[in-house]
Amino acid sequence: MDTLRYQIEYYRARAVEYDEWFYRIGRYDQGQALNQQWFDEAAICMENLHSLGPVNTALELAAGTGIWTRELHKIADHITVLDSSPESLDINREKLGNPDNVTFQEADLFNWEPDSQYDLVSFTFWLSHVPPDEVDPFLAKVYRATKPGGKVWMVDSRKASTSTASNQSVETRDVLQTRSLNDGRVFEIVKIYYQPDELREIFERNGFSVEVHTTNTYFIYAIATR
Ligand SMILES: C[S@@+](CC[C@H](N)C(=O)[O-])C[C@H]1O[C@@H](n2cnc3c(N)ncnc32)[C@H](O)[C@@H]1O
């Protein structure tokens, strides 16, 4: 599917400016009050992730520039970090200070097969970019990558107009969303805003028990148990 290749290219090109979104910089700056709300809600999610530790082994899928790898690193003895963007992996490695206990690996998750099982598998702001017909195959791989009794943790976006750049819309057409880079290049990527019930159903039909939570405006997060 061309969209998946396109999505890889978009995130490769976006790697150097990706953190501006999370840290509310430049065109993602929504003003002091909304920025603070964003950070407060993100802190609730981070606390939830921390509550799963300590763990021995963790796998982070589509880890990007390491915003959440850094949080995972606080609770995991070893992390395997996968992403299709070598640019993002470089930033991630640098952000963490190139630690010995993190293995970075370039991988296309749609052509990846787990070869190990982990205590904790996490993916953040990733499931929303998985096309509907790839969701079950992806979750089946996550299941195989999780130790029996192990946990899966995820966080993703709720649909909120102030979650994105001031010159960008959160609207989607047939699960596709238009995104632009700082230099004006435009891409179309998959973006799905899951409701809690939908997310619960996805995990349960793939063999997990799951708890799904939302923050007031910005985030939806889940802890699943294999
Ligand atoms: C929205 S970003 C999330 C990054 C990170 N998890 C975070 O929360 O900051 C999506 C990530 O998925 C990666 N990605 C896109 N397509 C991929 C694929 N087919 N396989 C692996 N990673 C992919 C991108 O390179 C990017 O780092």
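I will go through the overall fold, then the nonpolar core, and finally the shell around the ligand.

Please keep in mind throughout that we are looking at a predicted model. The protein chain is built from seven helices and nine strands, and its radius of gyration comes out at 16 Å, close to the 17 Å that the globule rule gives for 226 residues, so the chain is as compact as a globular protein of that length. If you prefer to think in terms of a box, the C-alpha atoms fill one of roughly 45 × 40 × 35 Å along the principal axes. Of the contacts with a separation of 6 or more, 62% join residues that are 24 or more positions apart, and buried residues make up 36% of the 226 in the chain.

Turning to the interior, the largest nonpolar core has 52 residues, among which Leu61, Val121, Met154 and Ala222 touch the most other members. Strand β9, residues 219-225, gives this core its largest share, namely six residues. To take one of these residues as an example, Met154 touches Ser122, Phe123, Thr124, Leu127, Tyr221 and Ala222, if we leave aside residues up to four places away in sequence.

That brings me to the ligand. Which residues come nearest to the ligand? Out of the 21 residues around the ligand, they are Tyr11, Ala62, Gly64, Ser85 and Thr124. Helix α1, which covers residues 2-14, supplies the largest share of the shell, with four residues. As for chemical character, the shell divides into twelve nonpolar residues, seven polar ones and two that are charged.

Key: Residues numbered from 1 in each chain as written. Predicted model: local features only at pLDDT ≥ 70, side-chain atom pairs only at ≥ 80, totals over all residues. Near = placed C-beta within 6 Å. Helix = DSSP H or I, 4+ residues; strand = E, 2+ residues; numbered from the N terminus. Nonpolar A, V, L, I, M, F, W, Y, C, P; charged D, E, K, R; others polar. Rg over C-alpha atoms; globule rule 2.2 N^0.38 Å. Buried ≥ 20, exposed ≤ 12 C-beta atoms within 10 Å, placed from the backbone. Contact = placed C-beta atoms within 7 Å. Core = buried A, V, L, I, M, F, W, Y, C linked by C-beta atoms within 7 Å.
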